[in-house]
Amino acid sequence: MAEADPLKAAARRPTKRAAPGLPLPDQVALVLQGGGALGAYQLGIYEALDEAGIEIDWISGISIGAANAAIIAGNPPGRRVERLYAFWNKMTGALPAFPMWGGDFAREIVHELSAATVATFGVPGLFRPRFVSPFFAPDGCAEAMSFYDSSPLAESLDTLVDWDLLNDGPIRLSVGAVEVESGNFRFFDTRRNRIDARHIMASGALPPGLPPVEIDGKLWWDGGIVSNTPLAHVVEHQDADMLVFQVDLFSSTADRPKTITDVIARTKEIQYSSRTRYVSNQLMRTRTEHQMMTKLLDKLPPEMADDPDVAALRAITREHAVNVVQLIYRANAWEGGSRDYEFSARTMHDHIAAGRAAVAATMDKSALIARNIYDGETAAFDLTPKS
């Protein structure tokens with residue numbers, strides 16, 4: 001049971017540092033899902049966390065989440081938000097925000113037209129269409145395996161990221177990708193690997209749009225093909241009490257679809273959110289079971305403390321507390337199945353604002369999270385409005 005006086009609990013369980021209204025445990029992680037244009041929501045999330053004084057120790061990302069993560073980890077604190085805006089302003093600069101009237105219906109039309117423009121002409125700083133169709137390119141070359149050229153992303157990353165700081169700096173970075181021939185999923189991690197633009201591009205190389213990226217003689221595709229959430233990697237390698245901000249760009253729940261665009265949108269939501277929901281549920285279930293086993297072990301008589309089986313079971317159940325704060329993007333009525341590749345400036349600003357609002361809503365209820373951190377408990381929280 002939680003202590004009645006949180007100040008006494010804090011004295012019993014000191015934390016490394018604190019943000020206004022929220023104590024921070026020894027590790028704070030930011031987990032960024034893939035989702036293309038929806039990644040601007042992550043910019044809003046990070047900007048609001050930074051303003052709240054919440055320091056991030058570890059960022060793990062997939063696809064566009066990996067790109068955002070690299071820009072954050074590869075810049076000093078005072079330049080991270082500025083560099084994120086530079087990245088997103090470049091990508092959305094070809095589709096500026098014009099005055100608009102007509103409500104959701106007009107907005108949906110403009111939304112789909114903007115997505116069609118991206119499909120035709122690409123995204124500045126991210127990818128561009130190939131001059132020759134992959135159906136007419138020589139077998140085995142990059143041109144034969146994708147419709148777009150992702151070299152603009154390499155140029156953007158090299159301009160915006162200090163790779164030495166990313167690899168040797170204070171923030172740990174992990175990005176996920178899948179190896180094309182074996183189908184095996186892995187994380188490139190600055191604790192074990194020297195990361196450069198190739199690793200970030202590999203994490204976002206979603207076929208058949210973008211080409212695989214070669215690293216050490218192997219070809220890699222977007223990690224979201226296997227798992228669109230890096231949460232499991234972070235929790236499996238946790239070595240201290242941790243607070244995780246998990247940013248999901250696709251909601252696992254939504255209204256029943258009514259149109260074909262609704263069907264396309266809902267299919268993507270289920271496809272890319274299902275693994276996230278599974279990992280989160282599995283984490284909570286495992287931690288609860290371990291806590292029950294620990295309580296049972298504590299009831300054993302002292303003479304059994306040195307029993308090898310008891311010692312082995314204690315080793316299995318010994319783990320650090322983790323609190324997962326889920327920040328889930330809730331799509332607007334006018335956003336259809338093309339929401340992940342609609343890179344207009346207007347929509348970008350809407351996504352950024354939504355990210356900031358999600359953090360504000362969570363911080364308004366941060367006492368719930370704080371109590372768990374004080375008490376060293378494990379839990380998952382979704383405190384953002386459902387609509």
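This section describes the overall form of a predicted model and then several of its local features.

The protein contains 13 helices and 13 strands. The C-alpha trace spans about 75 × 50 × 45 Å along its principal axes. A compact globule of 387 residues would have a radius of gyration near 21 Å, and the protein, at 22 Å, agrees with that value. Of the 387 residues, 52% are buried. The exposed surface of the protein comes to about 18,200 Å², of which carbon and sulfur atoms supply 57%. Among contacts with a separation of 6 or more, 74% are between residues 24 or more positions apart.

Two packed helices are described by the angle between their axes and the distance between the axes. Helix α4 covers residues 80–92 and helix α12 covers residues 345–364. The two helices pack at an angle of about 145 degrees, and their axes are 9 Å apart. The crossing of α4 and α12 is right-handed. On the α4 side the contact is made by Y85, W88, N89 and T92, and on the α12 side by A345, M348 and I352. The residues of this contact divide into 5 nonpolar, 2 polar and no charged.

Backbone geometry is considered next. Most residues other than glycine have a negative phi, and most peptide bonds are trans. In this model a cis peptide bond joins P207 and P208, with omega about -5 degrees. P208 is placed in the loop between α8 (197–203) and β9 (213–215).

S63 is a residue other than glycine with a positive phi, near 60 degrees. The loop that holds S63 runs between β4 (58–61) and α3 (64–73). S63 counts as buried because its relative accessibility is 14%, and the cut-off for buried is under 20%. Leaving aside neighbours within four places in sequence, S63 is in contact with G34, S203, G204 and D222. S63 and R339 are 276 residues apart in sequence, and their C-alpha atoms are 15 Å apart in space.

D216 also has a positive phi, about 55 degrees, although it is not a glycine. D216 is found in the loop between β9 and β10 (218–222). The relative accessible area of D216 is 71%, so this residue is exposed; the cut-off for exposed is over 50%. Thus, of the two residues with positive phi described here, S63 is buried, whereas D216 is exposed.

Strand β10 contains W220. With a relative accessible area of 6%, W220 is buried. When neighbours within four places in sequence are left aside, the contacts of W220 include A177, V178, E179, V180, N184, R186 and F188. Further contacts of W220 include A202, A205, P212, V213 and I215. W220 and S203 are 17 residues apart along the chain, and their C-alpha atoms are separated by 7.6 Å. S203 is also one of the residues in contact with S63.

Two further loop positions were examined. T190 lies in the loop between β8 (185–189) and α8. T190 has a relative accessible area of 15% and is therefore buried. Apart from neighbours within four places in sequence, T190 is in contact with L166, N167, I171, R172, L173 and I195.

V132 lies in the loop between β5 (128–129) and β6 (148–149). The relative accessible area of V132 is 45%, so V132 is partly exposed. Along the chain V132 and E143 are 11 residues apart, and 7.7 Å separates their C-alpha atoms. In summary, the loop residues S63 and T190 are buried, V132 is partly exposed, and D216 is exposed.

Note on methods:
Residues are numbered from 1 along each chain as its sequence is written. This is a predicted model: local features need pLDDT of at least 70, side-chain atom pairs count only at pLDDT 80 or more; totals for chains, interfaces and linings use all residues. Side-chain values use heavy atoms; hydrogens and water are left out. Helices (H or I, at least four residues) and strands (E, at least two) are DSSP runs, numbered from the N terminus. Buried means under 20% relative accessible area, exposed over 50%, partly exposed in between (1.4 Å probe, protein chains only). Axes are lines fitted to C-alpha atoms, for helices over the stretch in contact, and angles run from 0 to 180 degrees between N-to-C directions. A crossing is left-handed if the near helix is turned anticlockwise from the far one by less than a right angle, and right-handed if clockwise. Contact means heavy atoms within 4.5 Å. Ala, Val, Leu, Ile, Met, Phe, Trp, Tyr, Cys and Pro count as nonpolar, Asp, Glu, Lys and Arg as charged, and the others, Gly among them, as polar. The radius of gyration is taken over C-alpha atoms; the globule rule is 2.2 Å times the number of residues to the power 0.38. Accessible areas come from the Shrake-Rupley method with a 1.4 Å probe; for residues, only the protein chains shown count as cover.
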